[in-house]
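Me: I have a model open and would like a close look at one part of it, its salt bridges. Could you walk me through them, and then put them in the setting of the rest of the chain?

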Amino acid sequence: MRKYWIFLIVSLVLIFGTFIATLASGNAPVLGLDLQGGVSVVKSPVGKYTNDSLDVAVDVIRNRVDSLGTLEPEITRQGSDIVIDLPGVKNRDRAIKLVGETGELRFRPVLLAPGAVPPKPGAAVPPSTSSTTAPTSTTAAPTPEATAAELAAAQQAVASCDANAVAALPSAPTTTRGKDTRDACVILPDKDSPKVRYYLGPAGLTGKVVASAKAEFISSEGWTVKMDLTDDGSAQWDQLAQQQFHQQVAIVLDGEVRSAPTIQPNDAAFTSFGGTAVISGGAGGFSSGDAQDLAKLINYGALPVRLKTVNVEDVSPTLGEDQLRAGIIAGLIGLALVAIYMLVFYRLLGLVVIFGLILSGMTLYTLVTYLGSSVNLTLTLAGVTGIIVSAGVTVDSYIVYFERLKDEVRAGATVRACADRAFHRSFRTILAADLVSLIGAGVLYLLAIGSVRGFAFFLGLSTIVDLVLSYFVMYPLVVLMSRRPELVRMKGIGMAAGLDAPGVMA
């Protein structure tokens, strides 16, 4: 008897407590593109491309979008265009930029850092004048506009990889963005201050030698990006570190300098510490988002074709709101009919079904809200459909139990005696039915994409909730009710009447 009370009280406290806390916090489920609107981006290839390269680009973009935590992105090809629908995206500009970047990381030696004093013509290039930490950007004052002669001299110096000629330039060109040619010297802008330019040597290595990368917080350095290098990558890193001892190495993505740390090896061998290298933000520091974005771009690699954004559209949720309203009304009508059916056939036990459906709804609301705030889970019309369908799974669990209880009572047992035994016998059937639903939802989730995947996720989540509530709420509640003779023998509406055994003993 005590076990049933513990099951029931703890379950109700958890469900009502978390639901009330969710409402009090003002949080709500994150709605998808069709319910709350979002961003639709259209990208077109630039230059030569093939159908295969576009298909690979779609897969790469889908991986990047999944890393944003968006559950139901729609990434499709329309001819040569790639259409990316992003529901529930919190940072619109960050998402648009992330899906379009090529993602190839290049490490380039800094020949002349912004703000460094150029030597006289013919003099050796001095070491970088930056601090010994690893700043995310250099905050030197913008250089003046370059004259045509200076720009031509810069381009000639870059083309010939003549470091002395580059260093001898009186000012840095600020009128054009340099072309990020891998095996040539280049002039590239700083990501945060485009007027600040770096003179860089050929790429010493690229992101292809990085096996994996992840953002990691180190107490002494703040947010960093930890890279596990391949065997070849480790050797190339060591070579670049030796070449740039106490000088800067620019970390370049898509023609922009993302960071320019100074190589500070711990020993004369300049090793990459067992195949692992760490990019730190130094004095300025990486933010958590900066470190995570850099790690994602390194992990998901380069797009096989360069894309340009041809259209960015904010999607209106008006149509989705109308459809949601119609769906909710239809769902409420259906639940009302189910409630009437349960009350007519199971009398007092029908109230148990209604109570269970209310608890399921509260639990799902709390879970969806929590997952929306923690992993940006989005609820779309397909997800709402999955939840409504799952109501049938929940009602089936109660019917299976009640029908088994009815068979036990008709065999001559009392309601009190068979309530516990009937549940354990019927729970095997409930478990089998829910496992079939879970397996179907799981396979659908793994193989499908887009809205179908969302339907499968919410159907699976609702099925798990049904299993838990069946054992910890329905079971103890019915058993405790069977211990009350007045509830069993209540004329016309009691448990015995609902089990078609009005004359049975309590």
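Me: Let me start with one residue: is glutamate 486 buried, partly exposed or exposed?

Reply: Happy to take a close look with you. Please keep in mind that this is a predicted model. Glutamate 486 counts as partly exposed, because its relative accessibility is 41%, and the band for that class runs between 20% and 50%. Its salt-bridge partner is arginine 484, with the closest N and O atoms 2.6 Å apart. Arginine 484 has a relative accessible area of 44%, so this residue is partly exposed too.

Let's turn to the group around helix 11. Salt bridges that share partners tie Arg404, Glu408, Arg421 and Arg425 into one network. Within this group, glutamate 408 and arginine 425 form a salt bridge whose closest N and O atoms lie 2.7 Å apart. That pair links distant parts of the chain: glutamate 408 belongs to helix 11 and arginine 425 to helix 12 (residues 415–447), with their positions 17 residues apart in numbering. The two partners fall into separate classes of accessibility. Glutamate 408 is buried because its relative accessible area is 8%, under the 20% cut-off. Arginine 425, at 35%, is partly exposed.

The helix that carries glutamate 408 is worth a check of its own. Helix 11 covers residues 381–410, which makes 30 residues. At 1.5 Å a residue it should span 44 Å, and its end C-alpha atoms are 44 Å apart, so the expected and modelled spans agree. After helix 11 comes glycine 412, which has a positive phi, near 110°.

Another salt bridge joins the side chains of aspartate 55 and arginine 77, at 2.9 Å from N to O. Here too the pair links distant parts of the chain, since aspartate 55 sits in helix 3 (residues 51–67) and arginine 77 in strand 3 (residues 74–78), 22 residues apart. Both ends are partly exposed: aspartate 55 because its relative accessibility is 36%, and arginine 77 because its relative accessible area is 29%. Taken over the whole structure, the count of salt bridges is 6.

What about covalent links between cysteines? A search of the whole structure finds 0 disulfides. Two cysteines that you may want to view are buried: cysteine 185 has a relative accessible area of 5%, and cysteine 418 has one of 0%.

For the setting, let me begin with a covered element. Strand 2 (residues 38–45) is mostly covered, with 8 of its 8 residues buried. This strand runs antiparallel to strand 4 (residues 81–87), and 6 bridges join the two. One place to follow the pairing is lysine 43, whose bridge partner in strand 4 is isoleucine 82. As you look along such a strand, remember that side chains in a regular strand alternate between the two faces of the sheet.

The surface has a nonpolar feature as well. Ile329, Ile333, Leu337, Ile340, Tyr341, Val344 and Phe345 make a nonpolar patch of about 700 Å². Isoleucine 329, one of its members, lies in helix 9 (residues 318–346). This isoleucine counts as partly exposed because its relative accessibility is 46%, and a patch residue has to be over 30%.

Technical notes:
Residues are numbered from 1 along each chain as its sequence is written. This is a predicted model: local features need pLDDT of at least 70, side-chain atom pairs count only at pLDDT 80 or more; totals for chains, interfaces and linings use all residues. Side-chain values use heavy atoms; hydrogens and water are left out. Buried means under 20% relative accessible area, exposed over 50%, partly exposed in between (1.4 Å probe, protein chains only). Helices (H or I, at least four residues) and strands (E, at least two) are DSSP runs, numbered from the N terminus. Two strands pair if DSSP finds at least two bridges between them. Patches are made of residues with over 30% relative accessible area and no salt bridge: like charges are joined within 9 Å, nonpolar side chains (Val, Leu, Ile, Met, Phe, Trp, Tyr) within 5 Å. Accessible areas come from the Shrake-Rupley method with a 1.4 Å probe; for residues, only the protein chains shown count as cover. A salt bridge is a side-chain nitrogen of Lys or Arg within 4 Å of a carboxyl oxygen of Asp or Glu. The expected span of a helix is 1.5 Å times one less than its number of residues. A disulfide is a pair of cysteine sulfur atoms within 2.5 Å.
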